[in-house]
Amino acid sequence: MKQILLVFIGGGTGSIARYLISKYLNSPTTGIPYGTFTVNILGSFLIGIILGLALKNNTLSQNTVLFLATGFCGGFTTFSTFAYENHVLLKSGDFINFFIYTIGSFIIGLLFVFLGMFITK
């Protein structure tokens with residue numbers, strides 16, 4: 001139950017941070033969602049640091065990793081987890097699954113956005 005609460009609080013905190021950054025950086029005049037781009041890149045960087053520290057020298061407890069990586073980064077952006085999982089596939093030399101997962105996630109995700117929009121019309 002404690003782990004669920006840690007993920008819940010971390011996720012809420014990450015979601016609030018994403019909202020605030022996007023609110024101030026996304027610009028309807030340029031059409032480029034700089035806020036979303038920023039949180040995706042920053043989230044990827046943060047999850048790399050968090051999981052790198054956790055693996056390197058065990059300075060972070062499992063609960064801290066759950067709060068920061070799964071909770072905060074998960075609420076801040078799911079792109080960070082996607083990027084990390086791709087890193088793991090590349091590092092292990094699993095290039096076929098890397099390409100299937102990366103391209104499949106992008107294409108199928110985009111198609112499902114269109115499908116969802118189409119269904120709601």
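1. Burial classes are used throughout this note: a residue is buried under 20% relative accessible area, exposed over 50% and partly exposed in between. By that scale Y101, at 29% relative accessibility, counts as partly exposed, whereas I4, at 58%, counts as exposed. The model under discussion is a predicted one, and the points below should be read with that in mind.

2. Helix α1 spans residues 2-25, and its 24 residues reach 34 Å from the first C-alpha to the last, close to the 34 Å expected at 1.5 Å a residue. The buried residues of this helix are L6, G10, G11, G14 and S22, and these pack against α2 and α3. The exposed residue I4 also has its place in α1; its C-alpha atom is separated by 22 Å from that of Y84, which lies 80 residues away along the chain.

3. Helix α2 likewise has 24 residues and reaches 34 Å between its first and last C-alpha atoms, close to the 34 Å expected at 1.5 Å a residue. Its buried residues are G35, V39, N40, G43, S44, I47, I50, L51 and A54, and what covers them includes α1, α3 and α4. After the helix comes N58, whose phi is positive, near 50°.

4. The packing of α2 with α3 deserves a separate point. The two helices pack at an angle of about 170°, with their axes 10 Å apart; since angles over 145 degrees count as roughly antiparallel, α2 and α3 are therefore roughly antiparallel to each other. On the α2 side the residues that meet α3 are V39, L42, G43, L46, I47, I50, L51 and A54, and their counterparts in α3 are V65, L68, A69, F72, C73 and F76.

5. The largest nonpolar core has 10 residues in all, namely V39, I47, I50, L51, A54, V65, A69, F72, C73 and F76. The elements that give two or more residues to this core are α2 (34-57) and α3 (62-76). Within the core, I47 may be singled out: leaving aside neighbours within four places in sequence, I47 is in contact with G52, A69, C73, S80, T81 and Y84.

6. A search of the whole structure finds four aromatic pairs. In one of them, the rings of F72 and F76 have their centres 5.3 Å apart and their planes at 20°, so this pair is stacked, the limit for that class being planes under 30 degrees apart. Both residues lie in helix α3, four residues apart, about one turn of the helix. As a general matter, an α-helix has 3.6 residues a turn, so residues three or four places apart point the same way. F72 is buried, with a relative accessible area of 18%, and F76 also counts as buried, at 2% relative accessibility.

7. F82 and Y101 form a further aromatic pair, which is tilted, with 5.2 Å from centre to centre and 50° between the planes. This pair links distant parts of the chain, 19 residues apart, since F82 is in helix α4 (residues 79-91) and Y101 is in helix α5 (residues 95-119). Ring pairs also bring in F79, linking F79, F82 and Y101 into a cluster.

Note on methods: Residues numbered from 1 in each chain as written. Predicted model: local features only at pLDDT ≥ 70, side-chain atom pairs only at ≥ 80, totals over all residues. Heavy atoms only, no water. Core = buried A, V, L, I, M, F, W, Y, C linked by side-chain atoms within 4.5 Å. Buried < 20%, exposed > 50% of the residue type's maximum accessible area, 1.4 Å probe, protein only. Contact = heavy atoms within 4.5 Å. Expected span 1.5 Å × (residues − 1). Phe/Tyr/Trp six-rings, centres within 6.5 Å; stacked < 30°, edge-to-face > 60°. Axes fitted to C-alpha atoms, helices over the stretch in contact; angles between N-to-C directions. Parallel < 35°, antiparallel > 145°, perpendicular 65-115°, else oblique.
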